[in-house]
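This report looks at selected side-chain interactions and surface features. Please read it alongside the sequence and the structure shown here.

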Amino acid sequence: MKEAETLLSLQMLQEAREAVKQSTLQVIETPVIHLPHGAVPMKINCDLYLKLENMQTTGSFKIRGEANQFSKRENGHFITMSAGNYGKAFAYALNHLGHRGKVLMPDTAPASRATLIASYGVEVEHMPSKSLLPAVEQFVKDQKMSFLHPFDDIDLIAGHGSVGLEILEEIPYPDVVAVSCGGGGLLAGVAAAIKLSGCTTTKCIWSGTKRR
């Protein structure tokens, strides 16, 4: 990640978590639940916990990173690219904060997602996936819009790190933390929070779709 070449520190993660907590975007501290043994078929005997980010505002962890992104930016005209969850959180945040914005979506994205994003008063435009980033760059150049990257952004990664810090408050020294991974923003933030908090023996592993 180009933006993440600026190394995160524990202080940056803690400051980002405070920004997320103080945000008016209503980010919540989601519960960590312990699954009973046998609830999920496994080859080893272990204690399995789930962090329920599906209960988060807008339905995913994405709002955490955005809360920190917006805390670092002034009012303006914003743009992003997303196939769904980031765009939904982006649109919610713009509506809540009173900003203008636009979401560029791949033309393969479900129409229901575009409809939901547009319902927040944000402009939506569809195009082939390969055209998304060039189009964003053109809008930034021509219309002076501010680009919020959906995963390759140090403020976003630090905001997502709040998930890791919350996990450690419930389970101080986990053996393994498994993180879903698309673009890698959540994985980067959680792994940084785990390792920088001193959990040197904790393994952070990822699961996600193969990017082509």
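## Side-chain interactions

Leaving aside neighbours within four places in sequence, threonine 202 is in contact with Tyr173, Pro174, Asp175, Val176, Val177, Ile194 and Lys195 in this predicted model. Threonine 202 sits in the loop that runs between α7 (185-196) and β8 (203-207), and it counts as buried because its relative accessibility is 2%. A polar atom of its side chain lies 2.6 Å from the backbone oxygen of proline 174.

The structure holds 9 salt bridges, including the three listed below.

| Salt bridge | Closest N to O distance |
|---|---|
| Arginine 17 and glutamate 169 | 2.6 Å |
| Glutamate 53 and arginine 64 | 2.8 Å |
| Aspartate 155 and arginine 73 | 3.4 Å |

Arginine 17 belongs to helix α1 (residues 10-22) and glutamate 169 to helix α6 (residues 154-170), so their salt bridge ties together parts that are 152 residues apart in sequence; arginine 17 itself is buried, at 11% relative accessibility. Glutamate 53 and arginine 64 are both buried, and they take part in a network of salt bridges that links Lys51, Glu53, Arg64 and Glu166. In the pair formed by aspartate 155 and arginine 73, aspartate 155 is buried, with a relative accessible area of 18%, whereas arginine 73 counts as partly exposed at 24% relative accessibility.

On the surface, Val40, Met42 and Ile44 make a nonpolar patch of about 270 Å². Valine 40 is found in the loop between β1 (32-35) and β2 (48-51), and its relative accessible area of 37% makes it partly exposed.

Terms used. Residues numbered from 1 in each chain as written. Predicted model: local features only at pLDDT ≥ 70, side-chain atom pairs only at ≥ 80, totals over all residues. Heavy atoms only, no water. Helix = DSSP H or I, 4+ residues; strand = E, 2+ residues; numbered from the N terminus. Buried < 20%, exposed > 50% of the residue type's maximum accessible area, 1.4 Å probe, protein only. Polar contact = N/O pair within 3.5 Å; in protein donor to acceptor, adjacent residues only side chain to side chain. Contact = heavy atoms within 4.5 Å. Patch = residues over 30% accessible without salt bridge, like charges linked within 9 Å, V, L, I, M, F, W, Y side chains within 5 Å. Areas by Shrake-Rupley, 256 points an atom, 1.4 Å probe, with all protein chains shown as cover. Salt bridge = Lys/Arg side-chain N within 4 Å of Asp/Glu carboxyl O.
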